[in-house]
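Visitor: I'd love a tour of the empty spaces inside this protein. Could you walk me through them?

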Amino acid sequence: MEGSGEIELADRRSQRRPSTTTLELLPDELPVADESALVPLNAVSLPPVDRGFHAWAYLASAWSMDFLLWSYPFSYGVFLNYYTTTEFPESSRTILALTGSISGGILYLSSLVLLPILRRYPAIKRKMIWSGFITSIAGLVIAAYAKEPWHLVLTQGVLYSTGASLLYWPVLTYMFEWFSERKGLANGLIFSGASIGGAVFPYVIQVLLDRHGRKTALLVMAGIQAAVVGPAIPFSRARLPVSSVVKPKPMNMQFLGQRVFWILCSANLIQALGNFIPTLYIPSFATDLGVESAGTLGLALLNASSAIGQIMVGYLSDRSDLRITISLCAIGSTISVVVLWGLSSSLATIVVFSVFFGLFSPSWASLWPKFASIVAGDDAATAMALFVSGRGVGNVLAAPISEALLHPWAGTGKSKFAYGLGGYGPLILFTTATQLASAIGVVYKYFEKHDRRAISSLK
């Protein structure tokens, strides 16, 4: 390597390829008598990994997309409270809640479909990004003119999140090209964008809904997305060249036979079942408690604190035993729900709960790159997609499960705290159980030594 710090990628018969490269160069078809005398004809000059302008420019553009694309689902609790109390008070609450859970759920679940396609056809990434950009904006614009709740499910729920998925996942795949040693930190920084957006936009959306109604609110949000994401797209580009001499490796599915994968996958799915419930219901809970202003504030603080939590957990996952960070997320979120939410009775207690829950539960997402690396080594794209989609399943199921639980129970009216308010007691207990049960992930270490031979063969 020259002093410029750039990395030279050459034909594999004349120079070894870096381990982080996920592309396999096709060999020459011509016989060569002395391979050591070969001059690398396919050499390409590449920017450095983990540092430099291009890496940080990519990180900034990916952060801005995370900031906007995920902030709408993360702020949906404000829309839900507005729909159920103002615009559609007589409509099914389950349908209205489904719009939000589908919006976030498709964003997560689509990774399971899109990441393998992008792996097989990397040349389509740019077209997919721009088509997703247009589709996501169209979803918000059409939703502004919706007349019935099921129209919102199709537009604000399905159409928007489908477009956002087509935009987001191709951009995120570039992270594995730009970052290696700082992968966990980069992942945490990118994911913090949604948290910060989720802290800002509840207030923006609440003001727009109160003053101008749903139509103007959604049109303004569409305009903001066009103005911010559009200029960021050119900076979200690949580090590795895509050309006709590059062949992707076969999809790595061998990790499906490892017990370590199924333990971590189960913990991830269980955690996801309760993760979205506070985000969806905090504004409605505050309204029912009689402190409506606490709803928007609580949702904003939950998302804001999760930005700090994402970075903290991502940093710790790079530098400490994974069992520590799993335990931290599981125990921290469990205590915050069972104690702080369960005993909420005022604005102050809602605020404290929102901050602590945001620090621990959403931050679980920063563990996914570590999970994927443990079960699949360097070839972790497919494993990563499965862990991400696990949260998507949880998001989609959050609405029907929570609506089934949100009914008066034995404790209703017997306490001034949240446990005695309407049907929130069962909802709080269910969320507590999911967060506590996610700690089962720590036992992966016991089985890792039994799967060590299989894991080593993947690296």
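**Cavities inside the model**

Visitor: How many cavities of 30 Å³ or more does the structure hold?
Guide: Happy to help! Keep in mind that this is a predicted model. Counting cavities from 30 Å³ upward, the structure holds three.

Visitor: What is the volume of the largest cavity?
Guide: Let's look at its walls before its volume. The lining is made up of 21 residues, and Trp-70, Phe-74, Tyr-108, Gln-310 and Arg-391 lie nearest the centre. The space they surround has a volume of about 210 Å³.

Visitor: Which helix gives the most to the lining of the largest cavity?
Guide: At least two lining residues come from each of α7 (149-173), α9 (183-212), α13 (293-319) and α17 (381-405). With four residues, the one that gives the most is α13.

Visitor: How many residues in the lining of the largest cavity are charged?
Guide: The lining has 13 nonpolar residues and six polar ones. That leaves the charged group, which numbers two.

Visitor: How many charged residues are in the lining of the second largest cavity?
Guide: This cavity has a volume of about 80 Å³. Its lining includes Tyr-72, Pro-73, Thr-99, Ser-103, Gln-156 and Met-221. Eight of the lining residues are nonpolar and four are polar, while the number of charged ones is zero.

Visitor: And which element gives the most to the lining of that second largest cavity?
Guide: Two or more residues each come from α2 (71-74), α3 (76-87), α4 (93-109), α7 and α10 (214-232). The top contributor, with three residues, is α4.

How values were computed
Residues are numbered from 1 along each chain as its sequence is written. This is a predicted model: local features need pLDDT of at least 70, side-chain atom pairs count only at pLDDT 80 or more; totals for chains, interfaces and linings use all residues. Side-chain values use heavy atoms; hydrogens and water are left out. On a 1 Å grid over the protein atoms alone, a cavity is a set of points where a 1.4 Å probe fits but cannot get out, and a pocket is an open set with protein on both sides within 12 Å along at least five of seven lines; lining residues have an atom within 4 Å of a point. Grid points are joined across faces, edges and corners, and a volume is the space filled by probe spheres set on the points. Ala, Val, Leu, Ile, Met, Phe, Trp, Tyr, Cys and Pro count as nonpolar, Asp, Glu, Lys and Arg as charged, and the others, Gly among them, as polar.
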